[in-house]
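This briefing introduces a protein structure to a reader who has not met it before. Please keep the sequence and the three-dimensional view at hand while reading.

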Amino acid sequence: MSAVPVSAILVTYHSGPVLWRALDALRAQTGLGEILVADNGNPAAVRGELERRAAAGQIRLLRNDRNLGFAAACNRAAAQAQGERLLFLNPDAILPPEGLPRMFAAMASKPRPWLAGARLVGADGIERRGGRRGELTPATALGDALGFGSFNRHREPLPTGPVPMPTVSGACLLIPAADFRALGGFDEGYFLHVEDIDLCRRLRGRGGTVWFLPDISVEHEGGSSDAPPLAVERYKLAAFRHYFRRYYGGRPDALMVMALIALRFGLRAPFLRRVGRQRPEETGS
(Lines give C-alpha, C1' and ligand atoms only; values in the text may rest on other atoms or scores of the structure.)
Protein backbone atom coordinates (compact mmCIF):
# COMPACT_ATOMS: atom_id res chain seq x y z
CA MET A 1 0.00 0.00 0.00
CA SER A 2 1.65 3.22 -1.14
CA ALA A 3 1.39 6.23 1.16
CA VAL A 4 -0.34 9.47 0.21
CA PRO A 5 0.27 12.87 1.86
CA VAL A 6 -2.92 12.93 3.93
CA SER A 7 -6.07 10.90 4.43
CA ALA A 8 -9.16 12.85 5.45
CA ILE A 9 -11.64 10.96 7.62
CA LEU A 10 -15.29 11.93 8.13
CA VAL A 11 -17.84 10.03 10.18
CA THR A 12 -21.44 10.63 9.18
CA TYR A 13 -24.64 9.70 10.97
CA HIS A 14 -27.90 11.28 9.81
CA SER A 15 -25.88 14.27 8.64
CA GLY A 16 -27.60 17.25 7.07
CA PRO A 17 -26.96 18.93 3.70
CA VAL A 18 -23.84 20.64 5.04
CA LEU A 19 -22.09 17.28 4.53
CA TRP A 20 -21.89 17.97 0.79
CA ARG A 21 -20.37 21.41 1.41
CA ALA A 22 -17.80 19.82 3.71
CA LEU A 23 -16.87 17.20 1.11
CA ASP A 24 -16.68 19.69 -1.74
CA ALA A 25 -14.46 22.06 0.25
CA LEU A 26 -12.25 19.12 1.19
CA ARG A 27 -11.87 17.87 -2.38
CA ALA A 28 -10.67 21.33 -3.42
CA GLN A 29 -7.69 21.20 -1.03
CA THR A 30 -4.14 20.93 -2.36
CA GLY A 31 -2.22 17.95 -1.01
CA LEU A 32 -5.20 15.76 -0.23
CA GLY A 33 -4.60 12.09 -0.96
CA GLU A 34 -7.94 10.48 -0.19
CA ILE A 35 -11.23 10.97 1.63
CA LEU A 36 -12.61 8.15 3.74
CA VAL A 37 -16.25 8.48 4.77
CA ALA A 38 -17.46 6.19 7.53
CA ASP A 39 -21.22 5.77 7.21
CA ASN A 40 -22.62 5.03 10.65
CA GLY A 41 -26.20 5.21 9.36
CA ASN A 42 -27.98 7.66 7.09
CA PRO A 43 -31.32 8.10 5.31
CA ALA A 44 -31.61 6.42 1.91
CA ALA A 45 -31.10 9.65 -0.04
CA VAL A 46 -27.84 10.41 1.77
CA ARG A 47 -26.62 6.84 1.33
CA GLY A 48 -27.39 7.04 -2.38
CA GLU A 49 -25.39 10.23 -2.84
CA LEU A 50 -22.45 8.78 -0.87
CA GLU A 51 -22.51 5.69 -3.07
CA ARG A 52 -22.60 7.88 -6.19
CA ARG A 53 -19.56 9.81 -5.01
CA ALA A 54 -17.76 6.61 -4.13
CA ALA A 55 -18.47 5.16 -7.59
CA ALA A 56 -17.07 8.36 -9.12
CA GLY A 57 -13.85 7.91 -7.14
CA GLN A 58 -14.40 11.01 -5.02
CA ILE A 59 -14.46 9.18 -1.69
CA ARG A 60 -13.76 5.77 -0.16
CA LEU A 61 -17.01 4.75 1.49
CA LEU A 62 -16.89 2.52 4.55
CA ARG A 63 -20.36 1.18 5.34
CA ASN A 64 -20.85 0.15 8.96
CA ASP A 65 -23.69 -2.23 9.71
CA ARG A 66 -24.64 -0.17 12.78
CA ASN A 67 -23.77 3.08 14.50
CA LEU A 68 -20.32 2.32 15.91
CA GLY A 69 -19.97 5.71 17.56
CA PHE A 70 -17.56 8.43 16.50
CA ALA A 71 -14.37 7.08 18.07
CA ALA A 72 -14.75 3.51 16.83
CA ALA A 73 -15.72 4.62 13.31
CA CYS A 74 -12.69 6.94 13.16
CA ASN A 75 -10.40 4.13 14.26
CA ARG A 76 -11.83 1.75 11.67
CA ALA A 77 -11.27 4.30 8.92
CA ALA A 78 -7.78 5.18 10.18
CA ALA A 79 -6.80 1.51 10.03
CA GLN A 80 -7.54 1.54 6.28
CA ALA A 81 -6.09 4.98 5.56
CA GLN A 82 -3.02 5.25 3.35
CA GLY A 83 -2.00 8.77 4.37
CA GLU A 84 1.15 9.73 6.21
CA ARG A 85 -1.04 12.19 8.09
CA LEU A 86 -4.66 11.91 9.14
CA LEU A 87 -7.17 14.76 9.06
CA PHE A 88 -10.25 14.09 11.15
CA LEU A 89 -13.04 16.39 10.03
CA ASN A 90 -16.61 16.66 11.23
CA PRO A 91 -19.26 16.32 8.51
CA ASP A 92 -20.39 19.89 9.24
CA ALA A 93 -16.89 21.46 9.21
CA ILE A 94 -15.95 23.53 6.15
CA LEU A 95 -12.24 23.93 5.44
CA PRO A 96 -11.25 27.33 4.01
CA PRO A 97 -9.55 27.48 0.60
CA GLU A 98 -6.00 26.09 0.86
CA GLY A 99 -6.60 25.40 4.53
CA LEU A 100 -4.98 21.97 4.36
CA PRO A 101 -1.63 23.05 2.85
CA ARG A 102 -1.52 25.93 5.31
CA MET A 103 -1.90 23.42 8.15
CA PHE A 104 0.94 21.39 6.63
CA ALA A 105 3.15 24.46 6.44
CA ALA A 106 2.45 25.45 10.03
CA MET A 107 3.43 21.99 11.28
CA ALA A 108 6.35 21.29 8.91
CA SER A 109 9.11 21.93 11.45
CA LYS A 110 7.31 20.87 14.64
CA PRO A 111 8.87 17.95 16.54
CA ARG A 112 6.77 14.83 16.89
CA PRO A 113 4.59 13.59 18.33
CA TRP A 114 2.10 16.34 17.65
CA LEU A 115 -1.46 17.02 16.71
CA ALA A 116 -2.97 20.28 15.51
CA GLY A 117 -6.41 21.82 15.59
CA ALA A 118 -8.01 24.76 13.84
CA ARG A 119 -9.96 27.82 14.97
CA LEU A 120 -13.69 27.10 14.83
CA VAL A 121 -15.97 29.88 13.61
CA GLY A 122 -19.62 30.27 12.70
CA ALA A 123 -20.93 31.41 9.33
CA ASP A 124 -20.63 34.95 10.71
CA GLY A 125 -16.88 34.49 11.23
CA ILE A 126 -17.14 34.75 15.02
CA GLU A 127 -15.08 32.20 16.92
CA ARG A 128 -17.07 29.41 18.55
CA ARG A 129 -16.19 27.50 21.68
CA GLY A 130 -14.26 24.25 21.45
CA GLY A 131 -11.40 25.05 19.11
CA ARG A 132 -8.96 25.97 21.88
CA ARG A 133 -9.33 24.67 25.40
CA GLY A 134 -7.37 24.10 28.57
CA GLU A 135 -6.94 20.90 30.56
CA LEU A 136 -10.22 19.26 31.52
CA THR A 137 -10.08 18.73 35.27
CA PRO A 138 -12.77 18.75 37.93
CA ALA A 139 -11.76 22.31 38.78
CA THR A 140 -11.92 23.65 35.20
CA ALA A 141 -15.18 21.81 34.52
CA LEU A 142 -16.76 23.32 37.62
CA GLY A 143 -15.35 26.75 36.84
CA ASP A 144 -16.74 26.72 33.32
CA ALA A 145 -20.14 25.63 34.60
CA LEU A 146 -20.16 28.58 37.00
CA GLY A 147 -18.94 31.06 34.42
CA PHE A 148 -15.41 31.73 35.64
CA GLY A 149 -13.47 28.75 34.33
CA SER A 150 -10.45 28.52 32.07
CA PHE A 151 -11.31 25.42 30.04
CA ASN A 152 -12.85 27.09 26.99
CA ARG A 153 -10.53 29.82 25.72
CA HIS A 154 -12.31 31.14 22.64
CA ARG A 155 -12.92 34.51 24.27
CA GLU A 156 -9.22 35.09 24.95
CA PRO A 157 -7.15 37.26 22.56
CA LEU A 158 -6.32 35.35 19.40
CA PRO A 159 -2.65 34.31 19.17
CA THR A 160 -0.64 35.64 16.23
CA GLY A 161 0.62 32.21 15.22
CA PRO A 162 0.63 28.51 16.16
CA VAL A 163 0.75 28.01 19.93
CA PRO A 164 0.79 24.98 22.22
CA MET A 165 -2.65 24.41 23.68
CA PRO A 166 -3.70 21.69 26.14
CA THR A 167 -6.76 20.72 24.09
CA VAL A 168 -8.06 21.34 20.57
CA SER A 169 -11.19 20.11 18.83
CA GLY A 170 -11.68 16.89 16.92
CA ALA A 171 -13.92 18.82 14.51
CA CYS A 172 -10.73 19.52 12.51
CA LEU A 173 -7.71 17.65 13.80
CA LEU A 174 -4.48 16.85 11.95
CA ILE A 175 -2.04 14.23 13.27
CA PRO A 176 0.74 12.07 11.78
CA ALA A 177 -0.70 8.62 11.20
CA ALA A 178 2.18 6.96 13.06
CA ASP A 179 1.56 9.12 16.12
CA PHE A 180 -2.17 8.36 16.07
CA ARG A 181 -1.52 4.62 15.87
CA ALA A 182 1.16 4.78 18.59
CA LEU A 183 -1.51 6.22 20.89
CA GLY A 184 -3.87 3.38 20.01
CA GLY A 185 -6.24 5.77 18.25
CA PHE A 186 -9.28 7.21 19.93
CA ASP A 187 -10.49 5.54 23.11
CA GLU A 188 -13.60 3.65 22.01
CA GLY A 189 -14.99 3.92 25.52
CA TYR A 190 -16.32 7.24 24.26
CA PHE A 191 -19.27 6.73 21.94
CA LEU A 192 -19.70 10.43 21.16
CA HIS A 193 -17.94 13.52 22.57
CA VAL A 194 -14.82 13.95 24.75
CA GLU A 195 -12.70 11.51 22.71
CA ASP A 196 -10.73 14.47 21.32
CA ILE A 197 -10.05 15.82 24.81
CA ASP A 198 -8.80 12.38 25.84
CA LEU A 199 -6.57 12.03 22.75
CA CYS A 200 -4.95 15.41 23.41
CA ARG A 201 -4.30 14.46 27.01
CA ARG A 202 -2.73 11.13 26.10
CA LEU A 203 -0.50 12.70 23.43
CA ARG A 204 0.76 15.29 25.92
CA GLY A 205 1.27 12.51 28.44
CA ARG A 206 3.70 10.89 25.99
CA GLY A 207 5.73 14.06 25.66
CA GLY A 208 3.96 15.37 22.57
CA THR A 209 2.58 18.83 21.86
CA VAL A 210 -0.93 19.87 20.96
CA TRP A 211 -0.96 22.91 18.66
CA PHE A 212 -3.68 25.47 18.01
CA LEU A 213 -3.54 27.06 14.56
CA PRO A 214 -5.31 30.44 14.79
CA ASP A 215 -4.85 31.28 11.10
CA ILE A 216 -6.96 28.30 9.96
CA SER A 217 -10.61 29.26 10.42
CA VAL A 218 -12.97 26.34 9.89
CA GLU A 219 -16.69 27.05 9.66
CA HIS A 220 -18.45 24.83 12.18
CA GLU A 221 -21.90 25.58 13.47
CA GLY A 222 -22.54 22.14 14.95
CA GLY A 223 -25.91 20.52 15.48
CA SER A 224 -26.40 19.66 11.81
CA SER A 225 -27.30 16.03 12.46
CA ASP A 226 -30.94 15.07 12.90
CA ALA A 227 -30.00 12.54 15.61
CA PRO A 228 -32.36 12.82 18.60
CA PRO A 229 -31.01 15.58 20.88
CA LEU A 230 -31.83 13.61 24.02
CA ALA A 231 -29.70 10.68 22.82
CA VAL A 232 -26.82 13.02 21.96
CA GLU A 233 -26.95 14.56 25.43
CA ARG A 234 -27.05 11.09 27.00
CA TYR A 235 -23.89 10.11 25.10
CA LYS A 236 -22.22 13.31 26.25
CA LEU A 237 -23.07 12.51 29.87
CA ALA A 238 -21.63 9.00 29.50
CA ALA A 239 -18.49 10.42 27.88
CA PHE A 240 -17.80 12.82 30.74
CA ARG A 241 -18.33 10.03 33.25
CA HIS A 242 -15.86 7.83 31.38
CA TYR A 243 -13.27 10.63 31.28
CA PHE A 244 -13.46 11.60 34.94
CA ARG A 245 -13.47 7.99 36.12
CA ARG A 246 -10.45 7.23 33.93
CA TYR A 247 -8.30 10.12 35.12
CA TYR A 248 -9.67 10.97 38.58
CA GLY A 249 -11.30 7.80 39.86
CA GLY A 250 -13.27 8.31 43.04
CA ARG A 251 -11.86 11.71 43.98
CA PRO A 252 -14.54 13.76 45.75
CA ASP A 253 -14.22 16.70 43.36
CA ALA A 254 -14.63 14.41 40.35
CA LEU A 255 -17.67 12.75 41.90
CA MET A 256 -19.16 16.18 42.55
CA VAL A 257 -18.63 17.25 38.93
CA MET A 258 -20.18 14.02 37.63
CA ALA A 259 -23.18 14.56 39.92
CA LEU A 260 -23.60 18.12 38.62
CA ILE A 261 -23.39 16.95 35.01
CA ALA A 262 -26.00 14.29 35.71
CA LEU A 263 -28.23 16.89 37.38
CA ARG A 264 -27.91 19.19 34.35
CA PHE A 265 -28.87 16.31 32.09
CA GLY A 266 -31.90 15.52 34.23
CA LEU A 267 -33.08 19.13 34.14
CA ARG A 268 -32.66 19.40 30.37
CA ALA A 269 -34.08 15.99 29.47
CA PRO A 270 -37.78 17.02 29.33
CA PHE A 271 -36.96 19.94 27.01
CA LEU A 272 -34.76 17.79 24.76
CA ARG A 273 -37.45 15.13 24.60
CA ARG A 274 -39.99 17.71 23.41
CA VAL A 275 -37.55 19.05 20.81
CA GLY A 276 -37.03 15.53 19.49
CA ARG A 277 -40.78 14.98 19.13
CA GLN A 278 -41.19 18.22 17.19
CA ARG A 279 -38.64 17.23 14.54
CA PRO A 280 -39.97 15.97 11.19
CA GLU A 281 -40.04 12.21 10.81
CA GLU A 282 -37.01 10.78 9.04
CA THR A 283 -37.34 9.39 5.55
CA GLY A 284 -35.57 6.21 4.56
CA SER A 285 -33.93 3.75 6.91
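The points below move from the whole chain to its cores, its cysteines and its backbone.

The structure is a predicted model. The protein chain has 285 residues and a radius of gyration of 18 Å, which agrees with the value near 19 Å for a compact globule of that length. Its secondary structure amounts to nine helices and eleven strands.

**Overall form**

- Along the principal axes, the C-alpha atoms of the protein chain occupy a box of roughly 55 × 50 × 35 Å.
- Half of the chain is hidden in the sense that buried residues account for 50% of the 285 residues.
- The protein chain has an accessible surface of about 13000 Å², and carbon and sulfur atoms contribute 54% of that area.
- Among contacts with a separation of 6 or more, 79% join residues that are 24 or more positions apart.

**Annotated domain**

- An unreviewed UniProt entry records the feature "domain: Glycosyltransferase 2-like" at residues 7-130.
- Over residues 7-130, helix makes up 34% of the chain and strand 29%.
- The C-alpha atoms at the two ends of this stretch are 23 Å apart.

**Nonpolar cores**

- The largest nonpolar core holds 36 residues, of which Leu23 and Leu87 touch the most other members.
- Helix α1 (residues 18-27) supplies the largest share of this core, namely seven residues.
- Leaving aside residues up to four places away in sequence, Leu23 touches Leu10, Ile35, Val37, Leu50, Arg53 and Ile59.
- A second core, separate from the largest one, has 28 residues and includes Ile9, Leu86, Leu183 and Phe212.

**Cysteines**

- The model contains zero disulfides when cysteine sulfur atoms must lie within 2.5 Å of each other.
- Cys74 is in no disulfide, and its nearest cysteine sulfur, in Cys172, is 13 Å away.
- Cys74 is also buried, with a relative accessible area of 1%.
- For Cys172, the closest cysteine sulfur is that of Cys200 at 12 Å, which is too far for a bond.
- Cys172 counts as buried because its relative accessibility is 0%.

**Helix α5 and the residue after it**

- Helix α5 spans residues 138-146, and its buried residues include Pro138, Thr140, Ala141 and Gly143.
- Gly147 follows just after α5 and takes a positive phi of about 90 degrees.

**Backbone features in the loops**

- As background, most residues other than glycine have a negative phi, and most peptide bonds are trans.
- The peptide bond from Arg112 to Pro113 is cis, with omega near 0 degrees.
- Pro113 sits in the loop between α4 (99-107) and β6 (114-121).
- His193 is not a glycine, yet its phi is positive at about 80 degrees.
- The loop that holds His193 runs between α6 (177-182) and α7 (195-205).
- Val194, also a residue other than glycine, has a positive phi near 75 degrees and lies in the loop between α6 and α7.
- His193 counts as partly exposed because its relative accessibility is 29%.
- Val194 counts as buried because its relative accessibility is 4%, under the 20% cut-off.

Conventions. Residues numbered from 1 in each chain as written. Predicted model: local features only at pLDDT ≥ 70, side-chain atom pairs only at ≥ 80, totals over all residues. Heavy atoms only, no water. UniProt positions renumbered as here; feature names shortened; annotations may be inferred. Helix = DSSP H or I, 4+ residues; strand = E, 2+ residues; numbered from the N terminus. Core = buried A, V, L, I, M, F, W, Y, C linked by side-chain atoms within 4.5 Å. Buried < 20%, exposed > 50% of the residue type's maximum accessible area, 1.4 Å probe, protein only. Contact = heavy atoms within 4.5 Å. Rg over C-alpha atoms; globule rule 2.2 N^0.38 Å. Areas by Shrake-Rupley, 256 points an atom, 1.4 Å probe, with all protein chains shown as cover.
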